[in-house]
Amino acid sequence: MKTELKAKFIQHILDKKKENEGFTLIELLVVIIIIGILSAIALPSFLNQANKAKQSEAKTYTGSMNRAQQAYYLEQNTFATSGASFGNLGLGIATQTSNYKYVITGNASQVTNQAQTVLGTAPLKTYIGGVGVATQAATSEATTIAILCEASQARVNGGADGTASADFTTNANGSPTCPASYVSLSK
C-alpha cells in the first residue's frame, strides 16, 4: 500500500510538472517565423491598397471638377479657367490635399482640370480632366464633352507630372483626347 501511495504521489508530481510546462524556444521561433512570412506577404498588398485609395481621391475630385465645369459653362457660357475661379465651381473641396494639388488651366472654350501629385515618395499617378465645347455632327448643336485621363505610370517612376492639357484638336468633332503619357478612363 505504501508503494502504491508512493507511485501515485510520484505520478501526481510528474503530472503537475507537465501542467507547468510552457512553450519551448523552438516552438516560439517557428511562430515568429510564420508571422514574419505572413507579414512579408501582406504588407505590399496593404500598401498598394492604401495608394489606390489616395488615387481614388484624385479621380473623384477631377471627375467632379469636369462635371462642375460643364454645369458652370451651361450657366455662364464660359469655363472657370484658373485657380482664382476654382471656388466658382461650388465643389467645396480644397485646392490642395496631403497627396494632390488641384489646378485649372484653359480658356473660354476648353479647360483642363489637373490633379498633380504633391512631391513625395508615394507612387501615385497624376490625373487630368478635359472639358470642351464640341458640335454634334447629327444635330449641329454645341455641347460640352469631358474626358478623364490617368497617367500611365506613377510620378516617382517617371510618370507624367500632371501639368499636361487634354487635346481638343486631334478629333474632327472637337472632343478631347488624352495626352500620350495618359490613358483614358472615360467610357
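N99 sits in the loop that runs between helix 2 (25-76) and strand 1 (100-106), and in this predicted model its relative accessibility is 14%, so N99 counts as buried, the cut-off for that class being under 20% relative accessible area. Leaving out residues up to four places away in sequence, the residues that N99 touches are K54, E57, Q116, T117, V118 and L124.

From this loop one can step back to the chain as a whole, which contains 2 helices and 5 strands, arranged along the sequence in the pattern α-α-β-β-β-β-β. The chain has 187 residues, of which 29% count as buried, and its exposed surface comes to about 11,800 Å², with 58% of that supplied by carbon and sulfur atoms. When contacts between residues at least 6 apart in sequence are considered, 57% of them join residues at least 24 apart.

Helix 2 can be followed through two of its residues, I32 and N51. I32 lies in helix 2 and has a relative accessibility of 55%, so I32 counts as exposed, the class that begins over 50%. I32 also belongs to a nonpolar patch on the surface, formed by L25, L29, I32, I33, I37 and I41, whose accessible area together is about 630 Å². N51 is likewise found in helix 2, but at 13% relative accessibility N51 counts as buried. Apart from neighbours within four places in sequence, N51 is in contact with A122, P123 and L124; of these, A122 is 71 residues from N51 in sequence, while the C-alpha atoms of the two are 7.4 Å apart in space. L124 is thus a contact of N51 and is also touched by N99.

The loop between helix 2 and strand 1 holds a further residue of note, N77, whose phi is near 60 degrees, a positive value in a residue other than glycine. Most residues other than glycine have a negative phi. At 57% relative accessibility N77 counts as exposed, whereas N99, in the loop between helix 2 and strand 1, counts as buried at 14%.

The strands form an open sheet of 5 strands in the order 1-2-3-4-5, with antiparallel pairing. Its edges are strand 1 and strand 5 (182-184), each of which pairs on one side only, and from one strand to the next the twist averages 25 degrees.

Strand 1 is joined to strand 2 (residues 110-117) by 7 bridges, the two running antiparallel, and together they form a hairpin with 3 residues between them. Within this pairing Y100 stands opposite T117 in strand 2, and T117 is one of the residues that N99 touches. Strand 2 is in turn joined to strand 3 by 6 bridges, again with the strands running antiparallel, and here T112 stands opposite G130 in strand 3.

How many of the 9 residues of strand 3 are buried? The count is 7, so strand 3 is largely enclosed by the rest of the structure. Its pairing with strand 4 is antiparallel and extends over 9 bridges, with T135 having A142 in strand 4 as its bridge partner. Strand 3 and strand 4 form a hairpin with 6 residues between them, and in the turn S140 has a positive phi of about 60 degrees. Strand 4 (residues 142-151) is joined to strand 5 by 3 bridges, the two strands running antiparallel, and A151 stands opposite Y182 in strand 5.

What remains is a charged pair that involves strand 4. With a salt bridge taken as a side-chain nitrogen of Lys or Arg within 4 Å of a carboxyl oxygen of Asp or Glu, the count comes to 1, and this salt bridge is formed by K125 with E150, whose closest N and O atoms are 3.9 Å apart. K125 lies in the loop between strand 2 and strand 3 (127-135), while E150 is in strand 4, so the pair ties together parts that are 25 residues apart in sequence. K125 is partly exposed, with a relative accessible area of 22%, whereas E150 is buried, with a relative accessible area of 12%.

How values were computed. Residues are numbered from 1 along each chain as its sequence is written. This is a predicted model: local features need pLDDT of at least 70, side-chain atom pairs count only at pLDDT 80 or more; totals for chains, interfaces and linings use all residues. Side-chain values use heavy atoms; hydrogens and water are left out. Helices (H or I, at least four residues) and strands (E, at least two) are DSSP runs, numbered from the N terminus. Buried means under 20% relative accessible area, exposed over 50%, partly exposed in between (1.4 Å probe, protein chains only). Contact means heavy atoms within 4.5 Å. Accessible areas come from the Shrake-Rupley method with a 1.4 Å probe; for residues, only the protein chains shown count as cover. Two strands pair if DSSP finds at least two bridges between them. Axes are lines fitted to C-alpha atoms, for helices over the stretch in contact, and angles run from 0 to 180 degrees between N-to-C directions. Patches are made of residues with over 30% relative accessible area and no salt bridge: like charges are joined within 9 Å, nonpolar side chains (Val, Leu, Ile, Met, Phe, Trp, Tyr) within 5 Å.
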